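Let's take a quick tour of this protein, starting with the whole chain and ending with a few odd spots in the backbone.

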Amino acid sequence: MIKLAHPDITPREIAAVTKVLKSGTLSLGPEVEAFEKAFARYVGRQHALAVSSGTSGLHLAVRGLGLKPGDEVITSPYSFIASVSCIRFEGARPVLADIDRQTLNLAPEQAARKVTRKTKALLPVDIFGLPADFKAFQALADKHQLHLIEDSCEALGAEYHGRRCGSFGAASVFGFYPNKQLTTGEGGMVLCDDDALYARMAAMRNQGRSSMGGWLAHHVLGYNYRMPELNAALGRVQLSRLKAILAKRKAVALRYRKLFAENLPDFQTLADFPGSKRSWFVFAILVPPALKGHKRDKLIMALQSSGIQSAHYFPALHLQPALKDLGYRVGDFPAAEDASMRSLAIPFHHQLTAADQERVVATIKRFV
Ligand SMILES: *Cc1c(COP(=O)(O)O)cnc(C)c1O
């Protein structure tokens, strides 16, 4: 079986986690603090808070910025569900706007058309590791005095005009699920520059405790969104190896691109755009329009029976059963729906050999 994803774990990660296990300090210890410091420095932010998942990080950002019922937050229909759920957790309304057909990111001009008096924030996603158009989103946020939240969960190491993803807006979030560029098993990081926002999010992460009060003094409504020491130790080693991890992923991606260009030129692979440096998260392709929807799903099954995992990344969010009550319908976001019906993520990780990749492309070619 050629797997869709596989974490890049070395003896160094295993040693670091074992060391924590032997130390007896499994939570609220030095590993989390050291991971946060190193991560903030890497991304170029004042503050980083390690959390239990990317989703909990997004929730802290939304709640920390004071978004509440009645507020509208503009985001993308072509993303992972968490970028919309985090808005709903606080009873605010996700207002979706269509994506750009080339970048697959939220289109700034579409987002601009959705601004109303109730709009309080913009939440662009760096989809498939490609930076959103932050020059345009920052200008839109400034014009209407909106908070800007960056969902950079897929974009660790990506750059927009020389600046790292995760450094844009009032707050930004990363996720460390095992298919991400850096993994902690489960985990995430929420970053900001503002001291007061940081203090609010830190308290909410830790049962509403403040840095001044004691263990059983709870100042605000809080959650347990803490990252354990074991996961932070794993993340710290991953971060120290990140340059090598990203280079390996890029090499695999470029090999795929070449194979598609030579063998299946009407399949669209993720492109480069001027000013942006993509960080490779998954290798998603868009099948030709003639193969969209049902045929694409048959291709997924054909790959499966040849021992190759693949997946439909991403189904359009506005058509998800969980978001039905938002009232969106088929046809509302043609670009996102087209990408959704054509997208296919194929095996992508550092252990993939050139022979594996040739087999994946040859199997697709045979199906076509
Ligand atoms: C991975 C991801 C998240 C966070 O997911 P968790 O599983 O909660 O860590 C959020 N948004 C996007 C776009 C993601 O890809």
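Counting up the secondary structure of the protein chain gives 12 helices and 13 strands. Keep in mind that this is a predicted model.

How big is the chain overall? Its C-alpha trace spans about 65 × 55 × 35 Å along the principal axes. The radius of gyration is 21 Å, and because a compact globule with 368 residues would come out near 21 Å, the chain agrees with that expectation. Of those 368 residues, 55% count as buried. As for contacts between residues at least 6 apart in sequence, 71% join residues at least 24 apart.

On the outside, the accessible surface comes to about 15900 Å², with 56% of it belonging to carbon and sulfur atoms. The side chains include 47 positive and 33 negative ones, and the centres of the two sets lie 2 Å apart.

Now for the backbone oddities. Two residues that are not glycine have a positive phi:

| Residue | Phi | Relative accessibility |
|---|---|---|
| Leu104 | about 70° | 4% |
| Gln145 | near 55° | 74% |

Leu104 sits in the loop between strand S3 (93–96) and helix H5 (108–113). Buried means under 20% relative accessible area, so Leu104, at 4%, counts as buried. Gln145 is in the loop between helix H6 (134–144) and strand S5 (147–151). The cut-off for exposed is over 50%, so Gln145, at 74%, counts as exposed.

Where is there a cis peptide bond? One joins Tyr313 and Phe314, with omega at about -5°. Phe314 belongs to the loop between helix H10 (294–305) and helix H11 (334–342).

Methods
Residues numbered from 1 in each chain as written. Predicted model: local features only at pLDDT ≥ 70, side-chain atom pairs only at ≥ 80, totals over all residues. Heavy atoms only, no water. Helix = DSSP H or I, 4+ residues; strand = E, 2+ residues; numbered from the N terminus. Buried < 20%, exposed > 50% of the residue type's maximum accessible area, 1.4 Å probe, protein only. Rg over C-alpha atoms; globule rule 2.2 N^0.38 Å. Contact = heavy atoms within 4.5 Å. Areas by Shrake-Rupley, 256 points an atom, 1.4 Å probe, with all protein chains shown as cover. Lys, Arg positive; Asp, Glu negative; His and termini not counted. Charge placed at Lys NZ, Arg CZ, Asp CG, Glu CD.
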